Structure formats: C-alpha cells, structure tokens
Amino acid sequence: MNKKSVLLGLVIVFIVTLATGCLFYKAIDGSEFKNHFGELGYTISDSEEAKYEAKTYLVASKEDLPFKIEYYEFKDEVEAKKVTKKFQDTIGDYITTDSKNQTTTGAQITKTVAVSEKEYIVISRVKNTVIFIAGLNEYDDEINKLLEDIKY
C-alpha cells in the first residue's frame, strides 16, 4: 500500500508539472535573444530607450521589415507580469481601429494577440521575460513563426 501511494504521488506531480507547462517553457536570456535573431539577420540594439524599466532591454530589427522585436528581461516574474499587464492596458496606443484580442494565460506564460484592421500585435511573457511586437497584419505569419521558433 505504501509503495502504491508514493507511486501515485509521483504520477500526480508529473501530470501537474506537465499540465502547467513547467517542463516545456524556458525563457531565453539576453544573449540567446541576441544570438538567435542575429543569426536571422536582425540588427540587435541595446541602446534604445525602453518603455518600461528592465534588467535587460534589447531590440531586434531589420531594414526591410516594418516591425521590431522588443525583448525585456526582469529580475523576477512579478515584474514581468506587471509590465505584461501594462502593455495589455495600453494596447490601444498601438492600434488604429478596434481589435480582437485573445489572451492565453498559464502558470509561466501569458500571451496576448491583438488583431485589428491593419495591425497585428503580440505581447508574450515567459517566466521573467516579455517580448513585444507591434506589426502589421500582412506579417502575422512571419511574426508567429519567429515566436514559435523561440517557444514564445
């Protein structure tokens, strides 16, 4: 009976860990962000002014693309969640018409996608990091692919 209880407990812990995403979500750090987007031909800047104070703020951009990828790294998840909420609350600053917003929330992630007549905006938080992209609808597939590649 005792061995069965321990085994059942381990199975429950594994299922909860699997269900909450603890095994799948790994936040990328600043150097991984630089390396990944640098290899894709993006110019990485660490000298632009961030909208929110962060431990690390990087911007990846390409001359031929009308959007940039903003990367924020915070000291902890609480700060990242606060900034994610601020981005969500001010999404109207980036959109010219009404938008359909879809938010997905988990233990370690929050992702908001806002689609308007012209704009495609993504706010993606994994643990203590946030990626913000304010793009155009015609680039939605490219933006989604970029985020899928880094599991955001």
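Reader: How many of the eight residues of S6 are buried?

Author: This is a predicted model. In it, strand S6 is mostly covered. Glu 119, Ile 121, Ile 123 and Arg 125 point one way from S6, and Tyr 120, Val 122, Ser 124 and Val 126 point the other way. Residues on both sides are buried, and the count for S6 is eight of eight.

Reader: Where does S6 stand in the order of the open sheet?

Author: The sheet has seven strands and antiparallel pairing. Its edge strands, S1 and S4 (99-105), each pair on one side only. S6 pairs with S5 over seven bridges and with S7 over eight bridges. The full order is S1-S2-S3-S7-S6-S5-S4.

Reader: By how much are neighbouring strands of this sheet turned against each other on average?

Author: The sheet in question is the open one of seven strands. Direction is ignored for this angle. The average turn between neighbouring strands is 15°.

Reader: Which residue in the hairpin of S6 and S7 takes a positive phi?

Author: S6 and S7 are antiparallel, and Ser 124 stands opposite Ile 131 in S7. Two residues lie between these strands. One residue in this hairpin has a positive phi near 55°: Lys 127.

Reader: What is the bridge partner of Thr 110 in S6?

Author: S5 and S6 also form a hairpin, with two residues between them. Their pairing is antiparallel, over seven bridges. In S6, the partner of Thr 110 is Arg 125.

Reader: Which residue in S2 does Ile 44 stand opposite?

Author: S1 is an edge strand. S1 and S2 pair in the antiparallel sense over three bridges. Opposite Ile 44, in S2, stands Ala 60.

Reader: At what angle does helix H3 run to S6?

Author: Helix H3 spans residues 77-89. The helix lies across S3, S4, S5, S6 and S7. Its angle to S6 is about 165°.

Reader: Which residues have the most contacts inside the largest nonpolar core?

Author: That core has 23 residues. Helices H2 (30-39) and H4 (140-149) each supply at least two of them, as do strands including S3 (68-73) and S7 (129-136). Ile 131 touches residues such as Leu 147 and Val 122, and also Phe 33 and Ile 69. Those with the most contacts inside the core are Phe 33, Ile 69 and Ile 131.

Reader: How many residues does the other core have?

Author: This core lies apart from the largest one. Tyr 57, Tyr 72, Ile 121 and Ile 123 are among its members. Ile 121 and Ile 123 point one way from S6. The size of this other core is 15 residues.

Reader: How many residues apart in sequence are the parts that Glu 48 and Lys 68 tie together?

Author: The two form a salt bridge, with their closest N and O atoms 3.5 Å apart. Glu 48 is partly exposed at 32% relative accessible area, and Lys 68 is partly exposed at 34%. Glu 48 lies in the loop between S1 and S2 and Lys 68 in S3, so the pair links parts separated in sequence by 20 residues.

Reader: Lys 55 and Glu 73 meet in a salt bridge; what is the N to O distance?

Author: Lys 55 is exposed, with a relative accessible area of 59%. Glu 73 is buried, at 11%. Lys 55 sits in the loop between S1 and S2 and Glu 73 in S3, so the pair ties together parts 18 residues apart in sequence. The N to O distance is 3.7 Å.

Reader: How many salt bridges does a search of the whole structure find?

Author: One of them joins Glu 32 and Lys 26, at 3.0 Å between the closest N and O atoms. Glu 32 is partly exposed, with a relative accessible area of 30%. The search of the whole structure gives a total of seven.

How values were computed: Residues are numbered from 1 along each chain as its sequence is written. This is a predicted model: local features need pLDDT of at least 70, side-chain atom pairs count only at pLDDT 80 or more; totals for chains, interfaces and linings use all residues. Side-chain values use heavy atoms; hydrogens and water are left out. A nonpolar core is a set of buried Ala, Val, Leu, Ile, Met, Phe, Trp, Tyr and Cys residues joined through side-chain atoms within 4.5 Å. Buried means under 20% relative accessible area, exposed over 50%, partly exposed in between (1.4 Å probe, protein chains only). Helices (H or I, at least four residues) and strands (E, at least two) are DSSP runs, numbered from the N terminus. Contact means heavy atoms within 4.5 Å. A salt bridge is a side-chain nitrogen of Lys or Arg within 4 Å of a carboxyl oxygen of Asp or Glu. Two strands pair if DSSP finds at least two bridges between them. Axes are lines fitted to C-alpha atoms, for helices over the stretch in contact, and angles run from 0 to 180 degrees between N-to-C directions. Lists of a residue's contacts leave out its neighbours within four places in sequence.
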